[in-house]
Amino acid sequence: MVGMSTALHTTKTLKIGPYAVDPAVVLAPMAGITNVAFRQLCREFGSPTSLYVCEMITARAIVERDAKTMQMITFGEDESPRSMQLYGVDPKSMAEAAKIIVAEDRADHIDMNFGCPVPKVTRKGGGAALPYKRQLFRQIVRAAVRAGEPAGVPVTVKFRIGIDDDHLTYLDAGRIAEDEGAQAVALHARTAAQRYSGQADWSAIARLKEAVTGIPVLGNGDIFSAQDALDMVAKTGCDGVVVGRGCLGRPWLFGELQAAFRGEPIPQGPRLGQVAEILRRHGALLADFLGEDKGIRDLRKHMAWYLKGFPVGAELRRNLAMVSTLTELDDLVGKLDPTLEFPDNADEPRGRQGSPGKVVLPEGWLDDPEDATVPVGADEMHSGG
């Protein structure tokens, strides 16, 4: 049972523009993961009034109406608010994309991505590299906010601590985002150089909360259990949490988070039989969205996460990781022992971790943080994320 003082502290109201986010929990956008099928699954376990953000979409792809991208921004009929994460490095493209989203009523909330540490993004000055260029960062945030204002579409901004320990950007980024009208900021408490390795520095979230006082500050990094979320709020004073890798193969985490934030007993983890049912449901949702062939192939990457810690056996694991049809999926999950208890080590880190490394940047990127020049070729990325 969660202590009453903690529960009272964590159930404070979070508003993103006109939307009350209750409990104050956000599903982080994850490439290849947070499509409409996975978001629906998370919402079925959690609160329909939390935020569930779609995969990262590039502004350029929206402007060009890239077919793959237009499918990626599919939302469920009852999904509200519809949260879209938008990525861009050029204020003009960002303005144009945001105007299209607003004019065509494609989303209710725009979240801006300045946290991606992937080399193909940072070498063009994008993602976690971009907030170092303060004026360019300001112009991009301003472009999205102004495009959203006429329709009341709130804009939020997510970023990292900085490029590396010698180039911290998060406090300036938070102040600039607030100054330009963002409705909230979220901090992944790692540098781009850390990628997903090591530990998140939650003390940076507390410092950002002290620096940004007029809008909500959300914390992200190393939330692998409901207790982690409560601990982050208690230690940093943040207004809500953003959950990424912790929910991989574990969409029921949102039910646990809802209970914890409301001061209710946290439910026990599901037995393997229940996990099998959830896995089957995930497969059906993906098949509805992508077609059976593509949808079930997409499910394969989730198998190791769903089965993490369970003594399933190598052959059955291997067969599930190669599943091709819903009928085959039914047959294989039927071979799982439904009585197996949820494993004790399931709260351990999951998803990619990797190792830290030098951040690849455009030549001369660190020379002048006030330079607002759009990086050459940066806006050519239009894969839809």
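This report describes the confidence, internal cavities and nonpolar cores of a predicted model.

**Confidence**

The protein chain has a mean pLDDT of 92, with 95% of its residues at 70 or more. Residues 1-10 are a stretch where pLDDT stays under 50, and the model gives this stretch 19 contacts beyond four places in sequence. Where pLDDT is low, the predicted coordinates should not be read in detail.

**Cavities**

A search of the whole structure yields 2 cavities of 30 Å³ or more. Their volumes and the classes of their lining residues are set out below.

| Cavity | Volume | Nonpolar lining residues | Polar lining residues | Charged lining residues |
|---|---|---|---|---|
| Largest | about 110 Å³ | 12 residues | 2 residues | 2 residues |
| Second largest | about 30 Å³ | 7 residues | 1 residue | 3 residues |

The largest cavity, with a volume of about 110 Å³, is lined by 16 residues, of which Val-26, Asp-111, Thr-156, Ala-186 and Leu-218 are the closest to its centre. Several strands contribute to this lining: β3 (25-27), β4 (51-58), β6 (109-114), β7 (155-164) and β9 (184-191) each provide at least two residues. Strand β9 accounts for the largest share, 3 residues.

The lining of the second largest cavity includes the aromatic residues Trp-252, Trp-305, Tyr-306, Phe-310 and Phe-342. Gly-249, Pro-343 and Ala-346 also line this cavity, as do Arg-250, Lys-308 and Arg-350.

**Nonpolar cores**

In soluble globular proteins, nonpolar side chains tend to be buried together. The largest nonpolar core in this model comprises 81 residues, and Met-112 and Val-157 have the most contacts inside it. Helix α7 (residues 134-148) supplies the largest share of this core, 8 residues. Leaving aside residues up to four places away in sequence, Met-112 touches Gln-85, Leu-86, Met-94, Ile-140, Val-141, Ala-144, Val-155, Thr-156, Val-157 and Lys-158. Among these partners, Val-157 is the other residue named with the most contacts inside the core, while Thr-156 is one of the residues closest to the centre of the largest cavity.

A second, separate core has 31 residues, including Trp-252, Leu-285, Val-312 and Val-323. Trp-252 also belongs to the lining of the second largest cavity.

**Thr-191 in strand β9**

Strand β9 also contains Thr-191. Thr-191 counts as buried because its relative accessible area is 3%, under the 20% cut-off. Beyond four places in sequence, the residues that Thr-191 touches are Arg-160, Ile-161, Gly-162, Ile-163, Asp-164, Asp-165 and Leu-168.

Conventions. Residues numbered from 1 in each chain as written. Predicted model: local features only at pLDDT ≥ 70, side-chain atom pairs only at ≥ 80, totals over all residues. Heavy atoms only, no water. pLDDT = per-residue confidence, 0-100. Contact = heavy atoms within 4.5 Å. 1 Å grid on protein atoms, 1.4 Å probe; cavity = no way out; pocket = protein on both sides within 12 Å on 5 of 7 lines; lining within 4 Å. Points joined across faces, edges and corners; volume = space filled by probe spheres on them. Helix = DSSP H or I, 4+ residues; strand = E, 2+ residues; numbered from the N terminus. Nonpolar A, V, L, I, M, F, W, Y, C, P; charged D, E, K, R; others polar. Core = buried A, V, L, I, M, F, W, Y, C linked by side-chain atoms within 4.5 Å. Buried < 20%, exposed > 50% of the residue type's maximum accessible area, 1.4 Å probe, protein only.
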